[in-house]
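Here are a few short exercises to work through with the sequence and the model open side by side. Try each one yourself before reading its solution.

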Amino acid sequence: MLHLSSALCLAASLLAALPVNADGLYTKKSPVLQVNQKSYNQLIANSNYTSIVEFYAPWCGHCQNLKPAYEKAAKSLDGLAKVAAVNCDEDENKPFCGQMGIQGFPTLKIVTPGKKPGKPRVEDYQGPRSTKGIVDSVVDRIPNHVKRVTDKNLDEWLSEDEEAPKAILFTEKGTTSGLIRALAIEFLGGIKVSQIRNKESNAVEKFGITEFPSLVLLPGDGKEHIVYDGELKKGPMVEFLSQAASPNPDPAPASEKAKKSPKSSSPEKKPKASEPSESEDSTAEAKPSVLSQVNTPAPPIETLSTPEALQLSCLSSKSGTCVLALLPESSDAEPTGPAKEALDSLAEVGHKHTQRKTKLFPLYNIPASNTAAKTIRSELNLPEDAQSVEVIALNARRGWWRQYDPSETADYGSVRVEAWIDAIRLGEGSRNKLPEGIVVEAEHLEKKAEHDEL
């Protein structure tokens with residue numbers, strides 16, 4: 001059975017092999033709204049709704065991995081918020097992506113309506129790259145125009161602009177849901193919306209409410225209130241409230257989804273072999289034409305040639321996470337084949353984090369001449385084939401390790417290696433317990449180091 005990390009890597013490679021839609025990652029039928037600079041200003045920046053926008057490149061492995069969760073989030077947020085995407089690989093979008101400060105793919109930004117029209121608040125999304133994480137963060141940022149009303153101030157609220165229509169949600173919950181907040185946005189300026197708890201007995205009795213939640217419409221002009229008896233979904237609820245006022249015009253996403261950008265018929269642009277691979281936020285992977293940055297060659301990762309160096313760096317009881325490339329025996333002066341590919345990929349990942357000044361656990365090259373490498377292979381039941389290269393991550397302090405699975409094709413390409421490392425950074429995937437005896441007590445190593453100095 002494959003470990004989860006192996007499955008993630010395999011999935012990433014399979015996704016990368018699939019043809020990318022000419023319009024980018026998302027098709028016309030996708031629930032994700034595809035925008036460019038012009039339509040962003042119209043549909044996102046000037047909207048009353050909160051939006052989340054993904055800035056991506058079709059060739060980006062992490063973008064491909066995010067697509068299923070992002071589309072599910074779009075379906076979950078339908079009617080509550082906008083879920084959009086900008087293809088930064090298209091020439092017309094590159095200046096816009098640069099203006100938005102995009103330094104790697106995918107970058108997600110949450111756009112919340114500001115006090116002034118067309119001046120929204122834009123913030124980077126820092127949560128988990130999952131459907132639930134995205135939905136929860138966006139819902140939390142839906143503006144709340146719903147008035148909390150109690151028995152004490154009900155009459156006062158009802159008397160405000162008596163002729164104007166009003167809507168009341170009677171609920172058992174103390175929080176204001178994203179659905180009722182979205183309804184208030186839909187009718188902002190047309191229908192005043194409030195929320196009343198079920199414990200407010202006078203209000204409940206006044207309107208004859210027996211079930212919760214219940215939505216009540218007060219059409220205004222002295223007309224009797226109407227209790228909604230349909231599904232608790234935005235579409236039919238909007239239709240119900242529309243008998244008292246028209247919903248606010250907001251550009252319809254459906255019309256934009258079907259639009260093709262001027263460059264949509266151009267073939268998918270794939271990264272050249274010399275270009276860095278994708279990463280979640282890497283400035284190194286983004287192309288200079290987008291970010292006006294120059295990619296410098298990645299320096300090789302550090303080599304730990306002796307057992308003592310390996311113990312001090314990664315096998316001490318105080319050591320944190322390390323990634324080790326256990327190299328095969330070779331008569332060549334420099335690594336070749338899969339060993340070289342693995343080292344180059346690790347170097348590239350490390351270099352990206354250095355460029356953007358983000359912390360990453362250390363990455364080490366462990367040559368076959370380091371006798372501790374053979375011990376690690378034996379203790380972890382790794383192949384002892386003299387020609388095999390093994391990439392592992394371990395945390396001696398917490399007592400776990402996990403192996404990179406190159407699959408049958410011995411793929412140590414940067415896309416898959418980086419996806420594996422990112423899964424470790426995010427705490428995703430299963431871990432194996434380190435066998436007893438492989439971790440050395442820090443005190444022992446410290447005493448040995450003091451003895452060696454003497």
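**Exercises on backbone and surface**

In this predicted model, Asn 381 counts as exposed, at 69% relative accessibility.

**Exercise 1.** Find where Asn 381 lies and describe its phi.

*Solution.* Start with the location: Asn 381 is in the loop between α14 (371-379) and β14 (390-395). Next, look at the backbone: its phi is near 55 degrees, a positive value in a residue other than glycine. For context, most residues other than glycine have a negative phi.

**Exercise 2.** Decide whether Asp 161 is buried, partly exposed or exposed, then describe its backbone.

*Solution.* The relative accessibility of Asp 161 is 48%. Exposed requires over 50% and buried means under 20%, so Asp 161 counts as partly exposed. Asp 161 sits in the loop between α6 and β7, and its phi is near 50 degrees, again a positive value.

**Exercise 3.** Name the residues that gather with Asp 161 in a patch of negative charge on the surface.

*Solution.* The other members are Glu 162, Glu 163 and Asp 221. Take Glu 163 next: it lies in the loop between α6 (154-159) and β7 (166-171), and it is partly exposed, with a relative accessible area of 49%.

**Exercise 4.** Locate the cis peptide bonds that lead into Pro 106 and Pro 213.

*Solution.* Phe 105 and Pro 106 are joined by a cis bond with omega about -15 degrees. Pro 106 is in the loop between α4 (94-99) and β4 (107-112). The bond from Phe 212 to Pro 213 is also cis, with omega near 0 degrees, and Pro 213 lies in the loop between α8 (201-206) and β9 (214-218).

Methods
Residues numbered from 1 in each chain as written. Predicted model: local features only at pLDDT ≥ 70, side-chain atom pairs only at ≥ 80, totals over all residues. Heavy atoms only, no water. Patch = residues over 30% accessible without salt bridge, like charges linked within 9 Å, V, L, I, M, F, W, Y side chains within 5 Å. Areas by Shrake-Rupley, 256 points an atom, 1.4 Å probe, with all protein chains shown as cover. Salt bridge = Lys/Arg side-chain N within 4 Å of Asp/Glu carboxyl O. Lys, Arg positive; Asp, Glu negative; His and termini not counted. Charge placed at Lys NZ, Arg CZ, Asp CG, Glu CD. Helix = DSSP H or I, 4+ residues; strand = E, 2+ residues; numbered from the N terminus. Buried < 20%, exposed > 50% of the residue type's maximum accessible area, 1.4 Å probe, protein only.
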